[in-house]
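Trainee: I have this one open now, could you walk me through the sheet and then one of the cysteines?
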Amino acid sequence: MAFTIKVNGQTHAVDVDSDTPLLWVLRDVLGMTGTKFGCGMALCGACTVHLDGVAIRSCITPVESVGDSGIMTIEAIGATPAGAKIQKAWLDREVVQCGYCQSGQIMSASALLASNPHPTDSDIDAAMSGNICRCGTYVRIREAIKQAAQSI
Ligand code: FES
Ligand code: FES
């Protein structure tokens with residue numbers, strides 16, 4: 001079935017089953033492999049993208065549900081004000097270890113800062129609680145979010 005979806009400001013026509021997860025469309029059809037597959041069950045956050053600015057799990061989002069909403073992925077987040085500050089803070093704080101979870105972490109963090117430029121610790125915990133990091137980078141993630149918030 002043919003769908004038209006808008007990803008990072010560009011319109012794409014894709015021909016997939018209607019229940020195909022958005023994650024598969026991004027990775028396998030459009031070749032945007034920055035968004036990662038972890039659990040496939042909305043439990044780890046590796047597949048987080050933005051749908052009209054809201055962080056969602058693309059592994060459980062059927063492509064047919066996207067409609068006219070705008071999708072943003074890790075490939076474009078650095079072009080947004082919040083995303084640029086988050087990425088700079090991630091580098092400054094040397095957040096990343098293996099890196100596998102980090103696309104999702106950055107997408108959740110940038111959605112948080114875009115909607116709440118000065119989050120409290122509990123705001124950060126609430127926004128980031130669904131993003132799992134097997135390398136345990138949580139302390140540096142929180143420091144980086146705070147650094148980014150201070151520069152807004
Ligand atoms: S792959 Fe989507 S939440 Fe884990
Ligand atoms: S940096 Fe390795 S899983 Fe998070």
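Mentor: A term to settle beforehand: two strands count as paired if DSSP finds at least two bridges between them. Please also keep in mind that this is a predicted model.

Trainee: Okay, so how many bridges join strand 3 to strand 4?
Mentor: There are 4 bridges between strand 3 and strand 4, and the two strands run antiparallel. As one example from that pairing, His50 has Ala55 in strand 4 as its bridge partner.

Trainee: And in what order do the strands of the sheet come?
Mentor: The sheet is open and made of 5 strands in the order 2-1-5-3-4, with mixed pairing. Strand 2 (10-15) and strand 4 (54-57) each have a single partner strand and stand at the edges, so one side of each has no neighbour in the sheet. From one strand to the next, the twist averages 40 degrees.

Trainee: Which strands does helix 3 lie across?
Mentor: Helix 3, residues 102-115, lies across strand 3, strand 4 and strand 5, and it runs at about 35 degrees to strand 3. Helix 1 lies across strand 1 (2-7), strand 2, strand 3, strand 4 and strand 5 (70-72), running at about 80 degrees to strand 1.

Trainee: Switching to Cys44, is it buried or exposed?
Mentor: Cys44 has a relative accessible area of 14%, which is why it counts as buried, the cut-off being under 20%. Cys44 sits in the loop between helix 1 (22-29) and strand 3 (48-51).

Trainee: What does Cys44 touch?
Mentor: Leaving aside residues up to four places away in sequence, Cys44 touches Gly38, Cys39, Gly130, Asn131 and Ile132.

Trainee: And where is Cys101 relative to Cys44?
Mentor: The two are 57 residues apart along the chain, and their C-alpha atoms are separated by 8.3 Å.

Conventions. Residues numbered from 1 in each chain as written. Chains lettered and ligands numbered in written order. Predicted model: local features only at pLDDT ≥ 70, side-chain atom pairs only at ≥ 80, totals over all residues. Heavy atoms only, no water. Buried < 20%, exposed > 50% of the residue type's maximum accessible area, 1.4 Å probe, protein only. Contact = heavy atoms within 4.5 Å. Axes fitted to C-alpha atoms, helices over the stretch in contact; angles between N-to-C directions.
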